[in-house]
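Please follow the strands through this model, starting from one parallel pair and working outwards.

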Amino acid sequence: MTIEQYQEAVEWLFVQAPNYQIDGQKAYKPGLDNIIRLCDFFGNPQEKIKSIHIGGTNGKGSSSNMLASVLQESGYKTGLYNSPHLIDFTERIKINGENCDKEFVYHFIQRLKDLPEDIQPSFFEFTTIMAFEYFYQQNVDIAIIEVGLGGRLDSTNIIRPLVSAITNVQLDHQNILGDTLEEIAGEKAGIIKYNIPVISGDENEVVKNIIKKKAEKENAAFVDATSLKTDLKSDLKGNYQEKNIKVVLALIEELKKLNFNISDTNIEKGLLHVHENTGFIGRWFEFSKTPLTICDTGHNQAGLEYVFEQLNSIKKHKHVVLGFVNDKKIDEVMKILPENSEFYFAKPSIHRGRHPEDYENLLVEAKISYKIFDSVQEAYLSAKEQCTNEEMIFIGGSNFVVGEFLEKNLEISE
């Protein structure tokens, strides 16, 4: 296999089954029938591995990676399935911090091309079965599976994990999951399974009660992680990580009950070496010190509120590069933009990317200092040119904005 063959295979995967249709219509397939048939076709590898299921609106990626790091420090061969990727497709499927083997991806995609006609997977269903099969073939001790979207109808919900977690519930993907917090919480709680403990990390009593009632219905132990007290820290920066650490600690306690050998030292080291152990970047990631350059993949109102609040705590003039995709409520973001900032709005280079010209009326109404660019890289280079060493740059608004920025610049910085 050549690198060109690998790239062609991955491109086929994206073209054949995009996450969202180009016309903006939903490509989200209700029900688990398709993933059930797909897993059955491959011999149900998900039933042959031990797993942990982590859902929620924000924080599931950070929590998954922190837990993976702790399990690696404890000596366990740990699979990790996250989405989306920032630079390369293989980031979605990792074992002990190593990206999935490109040779495996290439050959697995060839097998996907020969599926029976009655199985028409979505992009995420393709990648989910790929992760299950890879973890099974590599004989992992445990696999951490992050929910893609929602929970109840998400293709990852075919697993029967040792323990589940719901980090929090916020308004996001309302066009798919429901217009209210209660509706979305119901969808997220759909990952709770009979007699399997669930960790709840949300402080909102309405959300907490929805999760608790679903747990009671399924005879599943309900653990409120928000009640935990800890002073443990992580190398994943961002004030919001304090909440995620509590979810991780609650998950670890459940794993200990199942005879996983995890020491206090493993926990402390695991939390402090997430970047090194899992290769996780993009959450309050310090790209440069001079000038200070931070990027963060927070992309919905709740996530951006946390990020912008932390930005406001830094007493520097800011050059803020932002971009959004079509399904985001940009008018809500305009109300919470960081202070003392100049803005550089750009279109992410994916078909769902929204050009700033489409929402320039909102920028005018917000009475901010802004410029518009056709690409993230153009916006960043303009911000870099304007920024002094006493000021700072922030890049965010979307996973795709951060991914595009890192792909263009990470190797340069190294």
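**Strand pairing and packing**

Strand 11 (residues 318–322) and strand 13 (residues 341–346) run parallel and are joined by five bridges. Within this pair, Lys 318 lies opposite Ser 341 of strand 13. Strands here are DSSP runs of E with at least two residues, helices are runs of H or I with at least four residues, and both are numbered from the N terminus. Two strands count as paired if DSSP finds at least two bridges between them.

The model is a predicted one: local features need pLDDT of at least 70, side-chain atom pairs count only at pLDDT 80 or more, and totals for chains, interfaces and linings use all residues. Residues are numbered from 1 along each chain as its sequence is written, and side-chain values use heavy atoms, with hydrogens and water left out.

Strands 11 and 13 belong to an open sheet of six strands, in the order 9-10-16-11-13-15, with mixed pairing. Its edges are strand 9 (285–289) and strand 15 (370–373), each pairing on one side only. Neighbouring strands of the sheet are turned by 15° against each other on average, direction ignored (axes are lines fitted to C-alpha atoms, for helices over the stretch in contact, with angles from 0 to 180 degrees between N-to-C directions). Helix 12 (residues 301–312) packs on this sheet and touches strand 10 (292–296), strand 11 and strand 16 (392–396), contact meaning heavy atoms within 4.5 Å. The direction of helix 12 makes about 180° with that of strand 16.

Elsewhere, strand 2 runs parallel to strand 5 (residues 142–146), with four bridges, and antiparallel to strand 3 (residues 93–95), with three bridges. Gly 79 stands opposite Ala 143 in strand 5, and Tyr 81 opposite Ile 93 in strand 3.
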